[in-house]
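Visitor: Please guide me through the model displayed below.

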Amino acid sequence: MKRLLILMFVAIILPAAALGQTKQINEILDKYEKKKSVESIVISPSLLQIAGTSDVNASTKELLSKIKELRIINIKTSAMESGVPLWTSLKGELEKHTSSDLFTRIVRIQDGEELLEMFITKNTEGALLFYTTTPKEFSVISIFGSIDKTVINAAMSGGIKIK
Amino acid sequence: MATIEKVRDLLERYFNAETTLNEEQIIRDYFKNDSIPDDLLIYKPLFNCFSEEIERLDLSGEKLDHNSEKLDHTVEEVSRKREGSPFVRRVSFKWMSLAAAASLAIFTYLIMPQKGDSLRLVIDGVNVNNKTLALGKADDQMNQINSMLGRYRKSSEQLESMSKMGDALSSLNSISRVMTQKEESNRLD
């Protein structure tokens, strides 16, 4: 009985918490897109394509159907707010969530002054986040939806492209 | 038309209160006539007055009838309206349900995440309606990630080939170890 209750708790609470995290990340991005020196792009999956597939076949359709939205936030590193670089504030707010137990960092690539970090929610229904930091700008690329192995592999192999 | 003798007779009976209603009507009808003997003229105003009064009463009766007809009509209308009210109510409910469904659809459209061919570009907090620019900027970002991930893939491939080399070297090592052991044993012999 106890096991059943624990399983029920895990089955109900964890997805809800992951969805809550996704919502909170969206709220943070909403907040920052209203600020100066910030560019925000929101794209629906119909405007995405999978690399190497010129036509929309069944597997591409299936993969794209898992993605609900792609969202990009781009901040110039020179942008300041109250004496603090704006990008550090955004990264700090996002890291409060991505450093929690609900996210896992799967990639960290440091190449000279460029840094790429990739995070995924532990639960399938959630988000895949990329942080890229260069001397000129800081970008957050977030893919919301059902982030399973096929979506992660497509993202890792550079397969998700804009039409 | 009653003869003068009959009218004189009826008048006598009238003043004796012996006439019937029909006979009184005959007298009144007679006095409506203009050719009345002089000796009977004095009764003319009396019976004409009665006639006029009756006519007025008749008219009021007609008016009453008319009014009652009007009232009936109004009652009919009211009852018809009352009969029709469920229909009116049904119609209003139908429109209300349609309005509710429409507002729900609008609400859902506004609240739910947008699906389909949607694209939004915001620069400095201002919506920019430029699809080409938005797609170009998004493409740049995706290319930047893909290029960094490409470098990562190259590094991981190099690591993989190095580990393969390590595996191959480890088998050579084991062969050399075996050969060394054999040399040592030969030396001991």
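The following exchange concerns strands, pairing and the contact between chains.

Guide: This is a predicted model, in which local features need pLDDT of at least 70, side-chain atom pairs count only at pLDDT 80 or more, and totals for chains, interfaces and linings use all residues. Residues are numbered from 1 along each chain as its sequence is written, while chains are lettered from A and ligands numbered from 1 in the order in which they are written.

Visitor: Which strands are the edge strands of the open sheet?

Guide: Strands are DSSP runs of E of at least two residues, and helices are runs of H or I of at least four, numbered from the N terminus. Two strands pair if DSSP finds at least two bridges between them. Eight strands form the open sheet, with antiparallel pairing, in the order β6(A)-β7(A)-β8(A)-β9(A)-β3(A)-β1(A)-β1(B)-β2(B). Pairing on one side only are the edge strands, β6 (103-111) of chain A and β2 (126-127) of chain B.

Visitor: Which residue in β1(B) stands opposite A:Ser40?

Guide: β1(A) pairs with β1 (residues 119-123) of chain B in the antiparallel sense over five bridges. Opposite A:Ser40 in β1(B) stands B:Val122.

Visitor: Which strand supplies the largest share of the side of chain A that touches chain B?

Guide: Contact requires C-beta atoms, placed from the backbone, to lie within 7 Å. The contact takes 32 residues from chain A and 28 residues from chain B. The largest share of the chain A side, six residues, comes from β1(A).

Visitor: What pattern does chain B follow along the sequence?

Guide: Chain B has four helices and two strands. Read along the sequence, their pattern is α-α-α-β-β-α.

How values were computed: Two residues are in contact if their C-beta atoms, placed from the backbone, lie within 7 Å.
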